[in-house]
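Visitor: Please pick one part of this model and look at it closely with me. Then show me how other parts can be read in the same way.

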Amino acid sequence: MFRPDLKIWMNGEFVNLEDAKVSVLSHALHYGSSFFEGIRCYETKTGPAVFRLKEHTDRLFNSTRMYRTEIPFTRDEINDAILETIRTNNMKSCYIRPLVYRGFKTMGVNPFPCPVEVMIAVWEWGAYLGPEALEKGVDVKISTWTKLAPNTMPTMAKSGANYMNSQLIKMEAIVDGYDEGICLNSRGHVSEGSGENIFLLKDGKLHTPPYSESLLPGITRNSVIRLAEEAGIPVVETPVPREWLYIADELFFTGTAAEITPIASVDRIAVGEGKRGPVTKQIQDALFGILNGEQEDRFSWLTPVL
């Protein structure tokens, strides 16, 4: 996954992978004060291009704003650094990880005295839940762990601390023999997967939980909504009861890492025919058609690297 010659962008300079280090007393290591993005660069017919770069960077700045953290670079500087990191590492396609974190100065819960640092790394990473999952789907369970409740921590922020909740969901699913978990929120409604948003097809309509259900505002989620509406598929943002998962015609995850991954079963109950459904495939084809350059980039989602 990580080439030994990989170059990491750290606070405006490139360093070798083995030299990309932080102090063991960094605030982020002790108190979880880190914020990140997951972005993909795709190989297209006209060269590598980054999917919805601006929107990902905007979300990174939104995450840090919620935690009163000022990034010491502008949005344009971060975007330029991402593209330069891809070029420096000569990547045709890759996963991109910008990370903002509090470094070391003092110890204690108060983060303000600690410097804000920025890192950008890229690496080759295929389908998050396995390439076969894009067609066959994945088996998931309803997690016993509840999603962070409103007014506890901002779930709309993509912060490292939030992903401790995600880790519990993911580990439980793996130990119990599933590929992934779905968590309910404090009201018992469907929230999201450990690192993915979720869509449900029922009676010809796509349903997905709204932001008020304690979920991350996914950029792939937004892309799917736009593609579905373009195709004439009604999309309804509404609270999703657990029971709907068991009687859905189709279910799928969305996310930068997961892309569009169908769900084959929930709690060992098959979804539809227990594999990717026709609407899921239609939306997959529409998205990947843009990403690989087979279709026009009619939404201006791709930023060329070169």
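Guide: Start with three words. A residue is buried when its relative accessible area is under 20%, exposed when that area is over 50%, and partly exposed in between. Keep in mind that this is a predicted model.

Our part is helix 8, residues 278-291. Helix 8 has 14 residues. From the first C-alpha to the last, helix 8 reaches 20 Å. That is close to the 20 Å expected at 1.5 Å a residue. After helix 8 comes G293, and its phi is positive, near 85°.

Now ask which residues of helix 8 are buried. They are V279, T280, I283, Q284, A286, L287, G289, I290 and L291. K281 and D285 belong to helix 8 too. K281 is partly exposed, because its relative accessibility of 35% falls between the two cut-offs. D285 is partly exposed as well, at 37%.

K281 and D285 form a salt bridge. The closest N and O atoms of this pair are 2.7 Å apart. A salt bridge needs a side-chain nitrogen of Lys or Arg within 4 Å of a carboxyl oxygen of Asp or Glu, so 2.7 Å qualifies. Why can the two meet? An α-helix has 3.6 residues a turn, so residues three or four places apart point the same way. K281 and D285 are four residues apart, so about one helical turn separates them. Elsewhere, salt bridges with shared partners join K54, D58 and R75 into one network.

Helix 3, residues 75-88, offers a similar case. There E84 and R87 form a salt bridge, with the closest N and O atoms 3.0 Å apart. E84 and R87 are three residues apart, so again about one helical turn lies between them. E84 is partly exposed at 33%, and R87 is partly exposed at 36%.

Not every pair sits within one helix. E237 and R221 meet in a salt bridge of 2.6 Å, N to O. This pair links distant parts of the chain: E237 is in strand 13 (residues 235-237), R221 is in helix 6 (residues 219-230), and 16 residues separate them. E237 counts as partly exposed at 46%, but R221 counts as buried at 2%. In total, the structure holds 17 salt bridges.

Next, take a buried residue in another helix. H56 lies in helix 2, residues 53-66. H56 is buried, because its relative accessibility is 0%. What is H56 in contact with, leaving aside neighbours within four places in sequence? The list is E37, G38, I39, F51, I219 and T256.

Two cysteines are buried too: C41 at 2% and C94 at 2%. A disulfide is a covalent bond between the sulfur atoms of two cysteines. The sulfur of C41 is 4.5 Å from the one in C94, its closest cysteine sulfur, so the gap is too far for a bond. The whole structure has zero disulfides.

Finish at the surface. V24 is exposed, because its relative accessible area is 61%. V24 sits in the loop between strand 2 (13-16) and helix 1 (27-31). Together with L25, L29, Y31, F104, M107 and V109, V24 makes a nonpolar surface patch of about 700 Å².

How values were computed: Residues numbered from 1 in each chain as written. Predicted model: local features only at pLDDT ≥ 70, side-chain atom pairs only at ≥ 80, totals over all residues. Heavy atoms only, no water. Patch = residues over 30% accessible without salt bridge, like charges linked within 9 Å, V, L, I, M, F, W, Y side chains within 5 Å. Areas by Shrake-Rupley, 256 points an atom, 1.4 Å probe, with all protein chains shown as cover. Helix = DSSP H or I, 4+ residues; strand = E, 2+ residues; numbered from the N terminus. Buried < 20%, exposed > 50% of the residue type's maximum accessible area, 1.4 Å probe, protein only. Expected span 1.5 Å × (residues − 1). Contact = heavy atoms within 4.5 Å. Disulfide = S-S within 2.5 Å.
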